[in-house]
Amino acid sequence: MKVLELFSGIGGMHYALKETGLDVEITAVEINTLANYVYKHNFPESLLLQRNIQSFSAEDINRISPEMIIMSPPCQPFTRVGLKKDISDERCSALSHIISILPQMNNTLCYILVENVKGFEVSLARDKLVLCLSELRFDYREFLLSPVQFGIPNARLRYYLIAKRKFLKVFRPIRIAESISENILQKLNQIHELTIEDILNSDKESYKENLIPDKILFKYGSIFDIVTKDSPKTCCFTKAYGHYVEGTGSVFCPFSQDYIKSVFKEYKNCSNPTLLKSLNLRYFTPDEIAKLMCFPPEFNFPNDVTCKQKYRLLGNSVNVKVVALLLRILMCDEML
């Protein structure tokens with residue numbers, strides 16, 4: 001099957017396709033030079049085009065002749081930080097362009113998967129997309145899903161759309177789904193049991209290198225989302241992790257929640273910030289975050305990519321297991 005992977009980033013969707021076991025020939029497209037460097041490092045044999053998506057005509061895509069398009073367009077137009085400018089945001093232009101040329105694409109295109117942030121489901125961009133799909137006789141299903149629902153200890157709520165041509169077996173009509181039935185998960189063998197402890201690096205030197213600097217700890221210690229090896233989940237890791245504090249991802253503490261509570265209780269009474277140092281708080285490493293996002297063990301970054309760059313690239317990527325699950329559902333008629 002020929003697959004066109006748009007906004008390919010560091011290859012999260014490529015790994016999801018590999019996990020399904022489908023026999024695929026992937027053409028990837030991404031404008032970001034650094035993301036392409038990492039993608040090519042992990043998939044040296046793949047065809048990767050560093051190109052602005054708006055430069056593609058329908059004829060260009062028809063020459064690729066994809067049977068499936070998978071994409072995770074820029075999310076900023078649909079976020080609070082990005083001011084929710086929706087289709088008026090320049091960063092939505094690439095998606096708008098793809099929607100505009102979909103009607104001219106060959107009928108060999110039978111499957112589509114889209115990932116984006118929560119908020120996309122109420123956007124004008126989404127409305128344009130599903131209207132176009134309906135006019136082209138695609139049936140589609142929409143989901144709001146988080147890895148936590150599938151036994152992965154990372155809260156990363158995302159919008160997903162899967163669509164297929166109506167001459168294939170069609171989807172049953174349904175509103176935006178916020179879960180996938182246990183029956184389907186069992187049939188697809190997609191129930192995971194991953195813990196925070198499972199993803200932790202044991203390297204003591206790495207631990208020291210990732211300790212939160214005193215300046216940041218003393219100023220922002222009370223607003224960190226602190227997790228331990230026994231915590232049920234981590235917060236969503238964004239591209240600003242390690243640079244900003246609030247809402248960018250969890251930090252790790254090697255001690256129990258009871259000990260953390262006792263330290264903060266004492267800290268509240270005396271306001272001595274040095275107490276927080278006893279918690280040994282550290283950032284999760286990029287490798288650990290990649291594991292939480294279900295990248296396989298063979299994934300790695302080139303040696304000259306900085307830690308900050310790794311955080312940014314991972315923050316813009318996808319959860320491999322969730323995408324793989326949706327691809328299996330898309331391709332498996334009996335589940336629909």
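Which residues are linked with Asp60 in a network of salt bridges? I began my notebook with this one, and the network turned out to hold Arg51, Asp60 and Arg63. A reminder to myself before going on: this is a predicted model.

**Entry 1: salt bridges**

I searched the whole structure and came back with 11 salt bridges. I then picked out a few to look at one by one.

I started with the pair Asp60 and Arg51, whose closest N and O atoms are 3.0 Å apart. I looked up how much of each residue can be reached from outside. Asp60 has a relative accessibility of 16%, so I wrote it down as buried. Arg51 comes out at 28%, so I noted it as partly exposed.

Next I turned to Asp89, which forms a salt bridge with Arg91, and here the closest N and O atoms are 3.0 Å apart. Is Asp89 buried or exposed? I found it buried, at a relative accessible area of 5%. Its partner Arg91 is partly exposed, at 39%.

The last pair I checked was Lys321 with Glu19, with 3.2 Å between the closest N and O atoms. I liked this one, as it ties distant parts of the chain together: Lys321 sits in helix α13 and Glu19 in helix α1 (residues 12-20), 302 residues apart. I noted Lys321 as partly exposed, with 23% relative accessible area. Glu19 is partly exposed too, at 25%.

**Entry 2: the sheet**

What is the order of the strands in the open sheet? I traced 7 strands and wrote down β3-β2-β1-β4-β5-β7-β6, with mixed pairing. The edges are β3 (47-50) and β6 (138-145); each has a single partner strand, so one side of each is left without a neighbour in the sheet. I also noted the twist, which averages 15 degrees from one strand to the next.

I then followed some of the pairings. Strand β1 (residues 2-6) runs parallel to β4, and 4 bridges join them. In this pairing I saw Leu4 standing opposite Ile69 of β4. On to β5: β4 and β5 are parallel as well, joined by 4 bridges. Here Ile69 stands opposite Ile112 in β5.

At the β6 edge I found an antiparallel pairing, with 8 bridges between β6 and strand β7 (residues 158-165). One of the residues I clicked on was Phe138, whose bridge partner in β7 is Arg165.

Which way do the side chains of β4 point? I found Met68 and Ile70 on one side and Ile69 and Met71 on the other, all of them buried. This fits a rule I had learned: in a regular strand the side chains alternate between the two faces of the sheet.

**Entry 3: helices on the sheet**

I looked for helices that touch the strands. Helix α5 (residues 124-135) packs on the sheet, where it touches β5 (111-117), β6 and β7. The direction of α5 makes about 150 degrees with that of β6. Helix α13 lies across β4 (68-71), β5, β6 and β7, and I noted its angle to β7 as about 25 degrees.

**Entry 4: the cores**

How many residues does the largest nonpolar core have? I wrote down 72, and the ones with the most contacts inside it are Ile180, Leu281, Phe284, Phe295 and Leu326. Helix α13 (residues 320-331) gives the most to this core, with 9 residues. I checked the domains too: the core draws at least three residues from each of domain 1 (2-191 + 319-331) and domain 2 (202-284). Apart from this core lies another of 36 residues, including Ile53, Phe56, Ala58 and Leu144.

I zoomed in on Phe295. Leaving aside neighbours within four places in sequence, Phe295 is in contact with Ile10, Gly11, Gly12, Tyr15, Ala290, Leu314, Ser317, Val318 and Val320.

**Entry 5: two unusual backbone angles**

From class I remembered that most residues other than glycine have a negative phi. So I noted two residues with a positive phi that are not glycine.

Ser65 has a phi of about 55 degrees, and I found this residue in the loop between α3 (58-64) and β4. Arg137 has a phi of about 60 degrees and lies in the loop between α5 and β6. I also looked up the accessibility of Arg137, and at 53% relative accessible area Arg137 is exposed.

Notes: Residues are numbered from 1 along each chain as its sequence is written. This is a predicted model: local features need pLDDT of at least 70, side-chain atom pairs count only at pLDDT 80 or more; totals for chains, interfaces and linings use all residues. Side-chain values use heavy atoms; hydrogens and water are left out. A nonpolar core is a set of buried Ala, Val, Leu, Ile, Met, Phe, Trp, Tyr and Cys residues joined through side-chain atoms within 4.5 Å. Buried means under 20% relative accessible area, exposed over 50%, partly exposed in between (1.4 Å probe, protein chains only). Helices (H or I, at least four residues) and strands (E, at least two) are DSSP runs, numbered from the N terminus. Domain bounds come from an automatic or database domain assignment. Contact means heavy atoms within 4.5 Å. A salt bridge is a side-chain nitrogen of Lys or Arg within 4 Å of a carboxyl oxygen of Asp or Glu. Two strands pair if DSSP finds at least two bridges between them. Axes are lines fitted to C-alpha atoms, for helices over the stretch in contact, and angles run from 0 to 180 degrees between N-to-C directions.
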